[in-house]
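Please find below my notes on this model, set out as numbered points. They are meant for someone seeing the structure for the first time.

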Amino acid sequence: FTPAVGSLIWQSLKKKHAGIEPLLVMQVPGSRRSYLTEVEGIPIHYLAAPDRFRSSTIFYFDVRRISNHVGALSPEVVHAHGTEDAYALAGLACHRPFVLTVQGCHFLINRELPPALFSRERLIEHTERKALRRTHHVIAKSDYMARELAKAFPHLQLHRIPNTFDERLLGIPLDEPKRAGHIAFVGTVVPRKGFQRIRQAFQLLNKRRPREFNQLHLHVFGNSPSGKASLYEKSELAALKEILAERLHLHGIVASLDLAAQLARIPVLAAPSLEEMFGNQAIEAMGVGTWPIVTEGTAMADHVRAFGFGLTIPQDDVEQLAGELVKKAFDPAKTSEIEAVREALGRNLGPTKVAQEHRQVYEQIRGAQTQRSDSL
């Protein structure tokens, strides 16, 4: 099985289902030599690959490199994850029972944020469409993603399986009170994540509700290291720094459990993305009782409706975003609400359940392949 569905799923497959022997194969662009190791009992094959001219050659050499390596391993099923690199095309090139996981797609991102005519994003959309036209079985990670794929590629047999999460997150204690007035953003500071909407909301609150604004803090988890920020990120953070001063907290890249522990003290998550095809940040926020405020037309809105925890707002409604952020920053979720959503997350998205759903897909694909072989 390759590439990964995720180490948590693989661990559950190995522990709960006899006969599953997962192998993880992944490229390391820029590496000069390949490397074989084992992590928690799972063999991982790191393949050396150049880091230039990959998309411009439509991943031709990557596809050959990966598919040749995987073919030599003789897997019964090949499971590729994602369409933004060479893995989908490489998985198809193995000519074995194949399933593709799709969490996000460039044809949707490019629809919302059109790139230059000659750009990596356009090339990725081309290879993505090529792969999806040739693929039969696809695991869609959200209802939103399944709806969009069904419209664009009606031939696909879609399997709706969500992402799992680290169940240790549910063990993070919530005995300390939320810090009133604190708001979190989790993710890269890019236009697709709607960070400009958060800045606009804070500017609006500064003008219209200065008393409450002066008690607000914004925590940014995921901002770029010093010297690597884009012009967009520098501009947005500078504008917020001007009005928030020391109440803007830039945490940078934080390990997932450390992030969750810090998020557990913050009442509300601001996630007003233009495009979001799963939105792990919303699920993880729910798991520590942080109220997510998300935008319609994204997978995060599906999560909020499914679990009944959080709020959806219309795209581009900065005024409503501002009002809801300041409201929930001083009115955290009740303990009973948090306990209910934690139980629901564990029941519906736990690693063992998600692993079992993957196992069923693998068996279906293998069974179909056997039937075709017998008919020949």
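1. His45 lies in strand 3, which spans residues 42-49. Strands are DSSP runs of E with at least two residues, helices are runs of H or I with at least four, and both are numbered from the N terminus. The relative accessible area of His45 is 12%, so this residue is buried (under 20% is buried, over 50% exposed, and partly exposed in between, with a 1.4 Å probe and protein chains only). Setting aside residues up to four places away in sequence, His45 touches Leu24, Val25, Met26, Tyr35, Leu36, His69 and Leu73; contact means heavy atoms within 4.5 Å.

2. On the source: this is a predicted model, in which local features need pLDDT of at least 70 and side-chain atom pairs count only at pLDDT 80 or more, while totals for chains, interfaces and linings use all residues. Residues are numbered from 1 along each chain as its sequence is written, and side-chain values use heavy atoms, with hydrogens and water left out.

3. Ile124 belongs to helix 5 (residues 120-134). Its relative accessibility is 1%, and Ile124 therefore counts as buried. Apart from neighbours within four places in sequence, Ile124 is in contact with Phe59, Thr83, Glu84 and His106. Met145 is 21 residues from Ile124 along the chain, and the C-alpha atoms of the two are separated by 18 Å.

4. How are helix 7 and helix 9 arranged relative to each other? They are roughly parallel, a term for angles under 35 degrees (over 145 is roughly antiparallel, 65 to 115 roughly perpendicular, and the rest oblique). Helix 7 (residues 195-208) packs against helix 9 (residues 231-244) at an angle of about 20°, and the axes are 10 Å apart. Axes are lines fitted to C-alpha atoms, for helices over the stretch in contact, and angles run from 0 to 180 degrees between N-to-C directions.

5. Helix 7 contributes Phe195, Gln196, Arg199, Phe202, Gln203 and Asn206 to this contact, and helix 9 contributes Tyr232, Glu236, Leu237, Ala239, Leu240, Ile243 and Leu244.

6. The count of disulfides is zero, a disulfide being a pair of cysteine sulfur atoms within 2.5 Å. Why does Cys94 have no such bond? The closest cysteine sulfur to that of Cys94 is in Cys105, and at 20 Å it is too far for a bond. Cys94 is buried, with a relative accessible area of 11%. Cys105 is also buried, at 1%.
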